[in-house]
Amino acid sequence: MTEPKRVAVFPAGTEIGLELHQALQYATWFTLFGISSAEDHSRFVYRNLITGVPFVGQPGFLERINEELVRWKIDYIYPAHDSALLFLAQHREQLKARVVAPELRTVEITRSKRKTYRFFEGEDFVPRVYENIRQATDFPVFLKPDRGQGSQGVRRIDSVEEYFSAGSKKDFVLCEYLPGEECTVDCFTGTDGRLLAAYARSRDRIKTGISVSSRLLKPPDEINRIARIINARLRFDGAWFFQIKKDAQGNWKLLEIAARIAGTSGLTRCAGVNLPLLTLYQCMGGPVEVEDNHIPIQVDRALVSRYQMDCSYDAVYVDLDDTLLLRDGRVNGYLLMFLYQAVHQGKRLTLLTRHHANPEETLRKNRIYPGLFDRIIHLEQGEPKSACIGKERAVFIDDSFKERKEVRKSLGIPVFDVDGVQCLFDWRA
C-alpha cells in the first residue's frame, strides 16, 4: 500500500483549520498534522500538532516552518487563514512542501476587496465603491477593511459627520450599503479551469462574522452566472468561495472572494462534497468528480466544549442500568463510543452491574457485543461495587450518586456520572 501523504494545516486553530480537520481526519490517503503559533483549540483536536512556530510573517517564520516541514516529512501545507494563504503563496518556491493554493495573482487579488472590485469593474454584480465620502449620494454607506475577515472592523455609516468621527480610515473600503439577504457560494474548479461545482448556502444567523446557521440552497441562475464569470476571469485550482448580498433593489452584489474553503463549508461536505479532500486529490493529479446527495440540509453551530484532564487510568468500570442502557431503553451511544475509544487505547473494561436479568443476554438483545468487556461482574443485591474493583488505576462510571460515593470513599478513584463521560474523551484524530 502506498504511504499516505502528509498534510499540515496552518494555522490549525482557526475556524478554517478546524473544518479542515473535520474534512480530512478520516481520509485514507493522508496523514494530518496541525501547525500552530498560538495556544488555541487545535491542541484539543489535532493528534499530530506542531507548536512554537512564529506567527506568519514574523522574523524567522520561514526558516522555522521549513525546519518543521522537513522534520515531519510534510508533503502538502494547507493554509487556513487569509494572511497565511497570501504569505505561503508568495513564498511557495522557498517552502519545503507544496502549498495548497492557486496561483499568486489570484490570491493577491482576492485578498484585497479593493483589488477585487477594481478587477471586476464593469460587472453588474460589483457594488458601488466611493473614493471618498463626498462621492456618496445615498446613505447609509458601508465602511470595511480592505483585507479584513469575519466582519472585523466593519461599520455602517449614516452621515458625513459620522464618517469623519469614525477614526482612521486607512486601508478601508467605502461602498454602497447592501441591506438584503446574504449567502455564501462554495465552489470547485477543476485542473482544466472548468467550474465543477457552485453550492449556495444561506447565512441565516451570523456570529463574529461566521455563519452559525445555514441552509443549502438551490442556486438561482443569477448566482451561477456570477460564479462562472469569477471562475473564468481568475485562475482557481480546487476549492474557493465567494459571498454576495442583495442591494436595495434585490440584485446580488459581491462582498468578497476567497481562494480557500469557508469555515462553514462543512455544510457542503455533509451534503456529500468534501471540498478540501477533492482539492488534495486534485493536487495529487487524481481524477476528481463532484456529486452530492441532493438532499435538503441545514447546519446550526454553537460552542462545543472539549476537556483535558489530568486523569491517568488503565481500567474502566461501568454500570449497565440507567448508564450504558438509558432509562427509556435506548443504548447510550455516547458512552459506547467512549468505551470503544478506551479499548483502542488499551484500557481494560469491566461491566459492573446488579441487573435483574442475565447481563450478557441483555447486551445481545441490545446488539452490544459482550466481548467488548474484559469482565462482566453480576453482583448480588447489597454487595458493594468497590469490592469488585481492583487496585489498578481505574475510573468508575455510574448514574447512582450512592454508588459513586461508596466507591470514591472506599478506593479514592475518580468517579463519573453519565454526563461526565465527555471529559474523558480524547477528540484528537
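User: Which element gives the largest share of the lining of the largest cavity?

Analyst: S15 does, with 3 residues. This is a predicted model, so local features need pLDDT of at least 70 and side-chain atom pairs pLDDT 80 or more, while totals for chains, interfaces and linings use all residues. Residues count from 1 along each chain, and side-chain values use heavy atoms, without hydrogens or water.

User: What makes S15 a strand?

Analyst: A strand is a DSSP run of E of at least two residues, and a helix is a run of H or I of at least four. S15 covers 252-258, so the name fits. Helix H3 (82-90) and helix H4 (104-111) join S15 in each giving at least two residues to that lining.

User: Why is that space called a cavity?

Analyst: On a 1 Å grid over protein atoms alone, a 1.4 Å probe fits there but cannot get out, and its lining residues have an atom within 4 Å of a point. The largest cavity holds about 110 Å³, the space filled by probe spheres set on its points. Its lining has 12 residues, with Asp82, Thr110, Arg111, Glu256 and Ile257 nearest the centre.

User: How many cavities of 30 Å³ or more are there?

Analyst: The whole structure has 2. The second largest has a volume of about 70 Å³. Its lining includes Tyr78, Pro79, Asp237 and Arg260. Two or more of its lining residues come from S4, and likewise from strand S14 (238-246).

User: How is that second lining divided by class?

Analyst: It has 8 nonpolar, 2 polar and 2 charged residues. Asp, Glu, Lys and Arg are charged; Ala, Val, Leu, Ile, Met, Phe, Trp, Tyr, Cys and Pro are nonpolar; the others are polar. Asp237 and Arg260 are in this lining, so they belong to the charged class.

User: What makes the largest open space a pocket?

Analyst: A pocket is an open set with protein on both sides within 12 Å along at least five of seven lines. The largest one holds about 1200 Å³. Its lining has 38 residues, and nearest its centre lie Leu18, Gln22, His41, Val304 and Arg306. H1 gives the largest share, 5 residues. The classes are 17 nonpolar, 11 polar and 10 charged.

User: How do you know that S2 and S3 pair?

Analyst: Pairing takes at least two DSSP bridges. S2 (residues 30-35) and S3 share 2, in the parallel sense. So the two strands pair. Gly34 has Leu49 of S3 as its bridge partner.

User: Which strands stand at the edges of the sheet?

Analyst: The open, parallel sheet has 5 strands, ordered S3-S2-S1-S4-S5. S3 (49-50) and S5 (98-99) are at its edges; each has a single partner strand, so one side of each lacks a neighbour in the sheet.
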